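Trainee: Please take a close look at the empty space inside this protein. I would like the cavities first, then the second largest pocket.

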Amino acid sequence: MSTQAATEERTVVIGLEVHVQLETDTKIFCGCSTEPTEEDEEPNTRTCPTCLGLPGALPVLNEAAVEAAVKVGKAIDADIPETTTFHRKNYYYPDLPKNFQLTQYDAPICQSGELEVRVDSEPRTIGITRAHLEEDPGSLQHAGGSIESATHTLVNYNRAGTPLMEIVTEPDFRSPAETRAFLAKLEEVLEYLGVFDPTRDGSLRVDANVSLVPEGQVADDGAITDDALAEVNRAEVKNISSHKGAEQALAYEVTRQENVLRRGREIEQETRHWDEARGVTVSMRSKEAEKDYRYFREADLPALEVSDWKEQIPIPELPDARRERFREEYGLDRESASKLTSTKAVADFFEDVAESFDPDLAATWVADNLLGELNYREMQITDVEDRLDEFTRLIELVADGELTVKNAEEVVLREMLDAGEDPETVIDREGLGVADSGEVETAVEAAIDDNPDAVADYHDGDEGAINFLVGQVMQETGGSADPGQVNGLLRERLDG
């Protein structure tokens, strides 16, 4: 490589292949269960002749998987062709018991879609080349640690045949941060559609193709021609399983390629493995070409004709639309609306609360108080959605003046989550009822009498002194007084 080529400025070009596990009761071509496995479940027990590829076993397509694919197509505004077919993708690897994978090749179920994401508050539209159905391979367990140091590898076929949707983007990403934003948005949309469970292990896996293209071959609008991409080698990075992992893996790979070019060497076209524990990519094998897979039509599965399903199958209100509706209908700011639509379950919970209370009050309690406490405990809104009546009762007690905000937030809500108790039980046990007016007035008088220096500071114009006195009253009443009422009573006594 010439010195000029080694020092030439280059543009990062990334394209993604995102493998999403679809939520269905059974596998895509057989009746084996896809329920989440227990940690101690025996390997190779959720299998049958079809998903093991035994001679004579025939596949039967899962209708629910097709419906899920159509929903995804609608959400990304993709074309669903009149006819879509399945192919065999032939390659040998231990996790493929049939030595081929049933997938879609030149007639995928979804074509030419797009998804808009925001990167640093700027909108970016990412083109989606295709999204197609396929079966998941089994899982490999490398004994002794990483893929490099393993003494041997075990294969578990319980996962083999689980329905996947592979979503292939255009090479539209120009930084690792953009890929992270896209994956977060995609996961959000899939969760709203009800076709994906992000809590399942391995439910989203990412392969990324990374190239460094000379800046001179990039148009002013950022477009890069197919010829320009063909002139540079790329590395495919596998084993990425999270948004954060994608950003870390691709940042490492970009830096690695930059260093290779800086030393005057060529980028090898290869497949690399992301070793998350070490934070590096390692070479696995040379990159296969399309011809290496010897695709041919799957004769045991007839062609699908489901283009009319796009009109027949409804999808829910998607996150962006719901976010905008929350801002218009409830008057929420952008940050609150974003928090409250982070998942469909959170948005549904908020709307249930907002039916009974002022939207600002409901937003504060759900977005700030409840979600904050849940996040601290690594819990999800789905862990408490069956206790909606208890949380609305807590807000009602505060709104009616029967419980102070401080005690509701710092004691009752936390005990409700930690002990699983209803608010009345916590209030009775902790003695948190609101103090009566006589008790508050007595505490106010005591605070004034016991703190002459603070009283003098207040009269000298020190506003901080009033906060100190409020704190003394709150301490005396066990936090059961209303801070605003206490502040008013103190000023009335001190200014009188």
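Mentor: Here are the cavities, followed by that pocket. This is a predicted model: local features need pLDDT of at least 70, side-chain atom pairs count only at pLDDT 80 or more, and totals for chains, interfaces and linings use all residues. Residues are numbered from 1 along each chain as its sequence is written, and side-chain values use heavy atoms, without hydrogens and water.

The whole structure holds 2 cavities of 30 Å³ or more. A cavity is a set of points, on a 1 Å grid over the protein atoms alone, where a 1.4 Å probe fits but cannot get out; lining residues have an atom within 4 Å of a point. A volume is the space filled by probe spheres set on the points, which are joined across faces, edges and corners.

The largest cavity has about 50 Å³. Phe349, Val353, Trp365, Val366, Leu370, Phe391, Leu394, Ile395 and Leu413 line it. Helices H9 (344-354), H10 (359-376) and H11 (388-399) each give two or more residues to this lining. Helices here are DSSP runs (H or I, at least four residues), and strands are too (E, at least two), numbered from the N terminus. The lining has 9 nonpolar residues, no polar and no charged. Ala, Val, Leu, Ile, Met, Phe, Trp, Tyr, Cys and Pro count as nonpolar, Asp, Glu, Lys and Arg as charged, and the others, Gly among them, as polar.

The second largest cavity has about 40 Å³. Its lining has 6 nonpolar, 1 polar and 3 charged residues, including Lys98, Glu135 and Asp136.

Now the pocket, an open set with protein on both sides within 12 Å along at least five of seven lines. The second largest one holds about 1,300 Å³. Of its 35 lining residues, Ala184, Glu188, Arg323, Ser342 and Thr343 are the closest to its centre.
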